[in-house]
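Reader: I would like to go through this model and ask what stands behind the labels. Please set each value against its cut-off.

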Amino acid sequence: MSETTVRPPTPPITTAVDGSASSFRAAAWAGLEASLCGRGVHLIVSCALPPRSAPSPEVDEPEAEWLRADAEWVLDEAVRITRATTGGVTVAVTTEVTFDAIAPVLLERSPRIPLLVVGRRGRGGVSRTVIGSLSSAVAAHADCPVAVVSGQSGTDPVSRSRPVAVGVDGSAHSVAALDTAFAEAARRDVGLVAVHCWSDTSGIRLPGRSGPPDQTLLDEQLAAHSDRYPAVPVHRIVRTDAPARSLVAESEWAQLLVVGRHGRGGAAGTVLGAVTVALLYAAECPLLIVHR
């Protein structure tokens, strides 16, 4: 009599929602991603009140009930939006309400999360701010890949026909980003745009350096991946320009932009590279930040 091996359940994509338009776009993108990679989605909302300058009494029972009711409404709407983007694929969606601050919860769980999805700016953000505290915190400190969804969720038919873009600079983080970008393009049945820029100086050449951007580096980085993903057409962009500016430009025409947490020029001890920080503020499409 043969034994049947029982596989543990696949961990779901985790998405933080708070009732903001940005977080609902994150839920939509998570639903699409889950349908493509065969995972579920776990939606979590926090009822924690924002910190105040003066001590305040703990939340009383009536206020707690109101906060929970509001959170349940947010989750119901997020579930509806998540399921609307799965294209008929059955995706398991679970929900959770917590009274703890959301950022510490997500960071503590991040080593066990395959992908964390957040909106660029939540409901508590100041109207003129471009990026929220949650998205910047998890992008910098989470121990898992993080997708930050901006004004475009990338789930509409026009966006889904666009390519995946990736920044390539030869660093270990860049190699990991390239691995992910090829896999994402293959799942979506679209092409890949690989962008390699020579410097961060907007075309001004540094002393002691001359010549064109390194086409050889890009070709070597792409060769092994192209063999593994022969059905993914690749468009190479090599130019002498600021990487952040080039990648922001490409994000306008991509459905997803993939980068590493650090680039080749990242300073030791920094949690995010300068290019990645710039893209958090300015990318026009969802941004997927990959770790080594």
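Author: In this predicted model, S171 sits in the loop between β6 (164-167) and α6.

Reader: Why is S171 called buried?

Author: The relative accessible area of S171 is 10%. Buried means under 20%, so S171 is buried. Across the chain, 48% of the 292 residues count as buried. The C-alpha atom of S171 is 8.6 Å from that of G260, although 89 residues separate the two along the chain.

Reader: What makes D189 exposed?

Author: D189 has a relative accessible area of 70%. Exposed means over 50%, so D189 is exposed. D189 belongs to the loop between α6 (172-188) and β7 (192-197). Its phi is near 60°, a positive value in a residue other than glycine.

Reader: Why is L134 called partly exposed?

Author: For L134 the relative accessible area is 21%. Buried requires a value under 20% and exposed one over 50%, with partly exposed in between; L134 is therefore partly exposed. L134 lies in helix α4 (residues 133-141).

Reader: Which residues does L134 touch, leaving out those up to four places away in sequence?

Author: L134 touches A16, I102, A103, L106 and V118. A103 is 31 residues from L134 in sequence, and their C-alpha atoms are 5.9 Å apart. For the chain, 79% of the contacts with a separation of 6 or more are between residues 24 or more positions apart.

Reader: How do you know that β4 and β5 pair, and in which sense?

Author: Two strands pair if there are at least two bridges between them. Strand β4 (residues 116-119) and β5 have four bridges, so they pair, and the sense is parallel. V118, one of the residues touched by L134, has V148 in β5 as its bridge partner.

Reader: What makes β5 and β10 a pair?

Author: Three bridges join β5 to strand β10 (residues 287-290), where at least two are needed; they therefore pair, and they run antiparallel. V146 stands opposite I289 in β10, and A147 has L288 as its bridge partner there.

Reader: How many bridges join β9 to β10?

Author: Four bridges join strand β9 (residues 256-260) to β10, and the two run parallel. One of the partnerships is that of L257 with L287 in β10.

Reader: Why is the pairing of the sheet called mixed?

Author: β4 and β5 are parallel, whereas β5 and β10 are antiparallel. Ten strands form this open sheet, in the order β3-β2-β1-β4-β5-β10-β9-β6-β7-β8, with mixed pairing.

Reader: What makes β3 and β8 the edge strands?

Author: β3 (93-98) and β8 (234-239) each pair on one side only. Neighbouring strands of the sheet are turned by 20° against each other on average, direction ignored.

Reader: Which strands does α9 touch where it packs on the sheet?

Author: α9 touches β5, β9 and β10, and its direction makes about 155° with that of β10.

Reader: How do you know that both faces of β5 are covered?

Author: In a regular strand the side chains alternate between the two faces of the sheet. For β5 (residues 146-149), V146 and V148 are on one side, A147 and V149 are on the other, and all four are buried. β10 also has buried residues pointing both ways: L287 and I289 one way, L288 and V290 the other.

Reader: Where do α8 and α9 meet?

Author: P243, A244, L247 and V248 of α8 meet V275, A278, L279 and A282 of α9. The residues of this contact are eight nonpolar, no polar and no charged. The axes of α8 (residues 243-251) and α9 (residues 274-282) come within 9 Å and cross at roughly 35°.

Reader: Is that crossing left-handed or right-handed?

Author: The crossing of α8 and α9 is right-handed.

Reader: How much of the accessible surface of the chain belongs to carbon and sulfur atoms?

Author: Carbon and sulfur atoms hold 54% of an accessible surface of about 14400 Å².

Technical notes: Residues numbered from 1 in each chain as written. Predicted model: local features only at pLDDT ≥ 70, side-chain atom pairs only at ≥ 80, totals over all residues. Heavy atoms only, no water. Axes fitted to C-alpha atoms, helices over the stretch in contact; angles between N-to-C directions. Left-handed = near helix turned anticlockwise from the far one by under 90°. Contact = heavy atoms within 4.5 Å. Nonpolar A, V, L, I, M, F, W, Y, C, P; charged D, E, K, R; others polar. Buried < 20%, exposed > 50% of the residue type's maximum accessible area, 1.4 Å probe, protein only. Areas by Shrake-Rupley, 256 points an atom, 1.4 Å probe, with all protein chains shown as cover.
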